[in-house]
Amino acid sequence: MIEVESLAKAYGPKRAVDGVSFSVNPGSVTGFLGPNGAGKSTTMRLILGLERPDAGRASINGKPMEALAAPLAEVGALLDAKAVAPHRSARNHLRMLARTHRIPDRRVDEVLGLTGIDGVASKPVAGFSLGMGQRLGIATALLGDPETLILDEPVNGLDPDGVAWVRGLVKQLAAEGRTIFLSSHLMSEMALTADRVIVIGRGKILADTTTDELVAAGSGAAVRVRSPQAESFLALLASEGAEVVSGEPGVLTVRGLDIAAVGERAAREGVVLHELVAVGSSLESAYMELTAGELEYRSDGAMGGAEA
């Protein structure tokens, strides 16, 4: 279990983490979401004892990271897959770490096979692709067979098969009762992977809830209508207080009325419907809505101009 209480960290005038509190429980996958610069990586580094907080505390199974007797056996982490001596082979990198924690060499072979890099384990890490480096980072995190995993962007650089593999792996580990805490910018993948989500923006927690609850709280739920009488139907629906937009001729997106109310109004008015379908909110739309005012860097959609 990971517990964070009133954690704070500033770099000069910038408050990277500002009074953050949350818990990550075993037996489920908890996603950590937020825009670039929101404080995700800093929070993870504070939990792992790689930074000292200005205030607050973080603990793993009731102890701060520095108090753990055998850290690799309790916590596995992936923060920077490139933090490996480039001349060293994957196998030698893992063996070096294993010997510092009295982990047998057979475990090195196990994690190399589990992550699919056993075929290149004798090659220098300098020649690894981004995806291979990520797999080595995950192998390193798994080396001590830990009860807690903290993974920062674990699917970065992986192909679709690799992404699906990570998804299956973390779900399996959570099902075994382990504590899984991971960040990702891939909302579609997080929607498939995470049971709970913690959203951070400008160093503050914006949401701490189940994935389903966050999606349900979004305003993305709507009803799509396709009709040859769309223009007149739009006015009728708007008169009932619905928010109605038309993104293309003959098609309406309706918010504020459920699908039954829209269908009943069409029947009463004799409006011909070619399509009537509920469109659910998504994790991406709910996340974008929640973090809309928390972006440190914002794109204006233009192409070809220089970035200031």
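In strand E7, isoleucine 180 is the bridge partner of leucine 149. Strands E6 (residues 148-152) and E7 (residues 179-183) pair in the parallel sense, over 5 bridges; pairing requires that DSSP finds at least two bridges between two strands. Helices (H or I, at least four residues) and strands (E, at least two) are DSSP runs, numbered from the N terminus. The model is predicted: local features need pLDDT of at least 70 and side-chain atom pairs pLDDT 80 or more, while totals for chains, interfaces and linings use all residues. Residues are numbered from 1 along each chain as its sequence is written, and side-chain values use heavy atoms, with hydrogens and water left out.

The wider setting is an open sheet of 6 strands, ordered E5-E6-E7-E3-E8-E9, with mixed pairing. Its edges are strand E5 (75-78) and strand E9 (204-210), each of which pairs on one side only. On average, neighbouring strands of this sheet are turned by 15° against each other, direction ignored. Axes here are lines fitted to C-alpha atoms, for helices over the stretch in contact, and angles run from 0 to 180 degrees between N-to-C directions.

Helix H6 (residues 160-175) lies across E6, E7 and strand E3 (28-33), running at about 130° to E3. H6 also packs with helix H5 (residues 130-142), at an angle of about 10° and with the axes 12 Å apart. H5 is therefore roughly parallel to H6, a label given to angles under 35 degrees (over 145 is roughly antiparallel, 65 to 115 roughly perpendicular, the rest oblique). From H5, Arg135, Ile138 and Leu142 meet Gly162, Trp165, Val166, Leu169 and Leu173 of H6, where contact means heavy atoms within 4.5 Å. The residues of this contact divide into 6 nonpolar, 1 polar and 1 charged; Ala, Val, Leu, Ile, Met, Phe, Trp, Tyr, Cys and Pro count as nonpolar, Asp, Glu, Lys and Arg as charged, and the others, Gly among them, as polar.

Two buried residues round off the picture. Glutamate 189, in helix H7 (residues 187-193), is buried at a relative accessible area of 10% (buried is under 20%, exposed over 50%, partly exposed in between; 1.4 Å probe, protein chains only). Its side chain makes a polar contact with the side chain of arginine 167, at 2.6 Å. Such a contact is a pair of N or O atoms within 3.5 Å; within protein, one must be able to donate a hydrogen and the other to accept it, and residues adjacent in sequence count only if both atoms are side-chain atoms. Alanine 98, in helix H3 (residues 90-100), has a relative accessible area of 0%.
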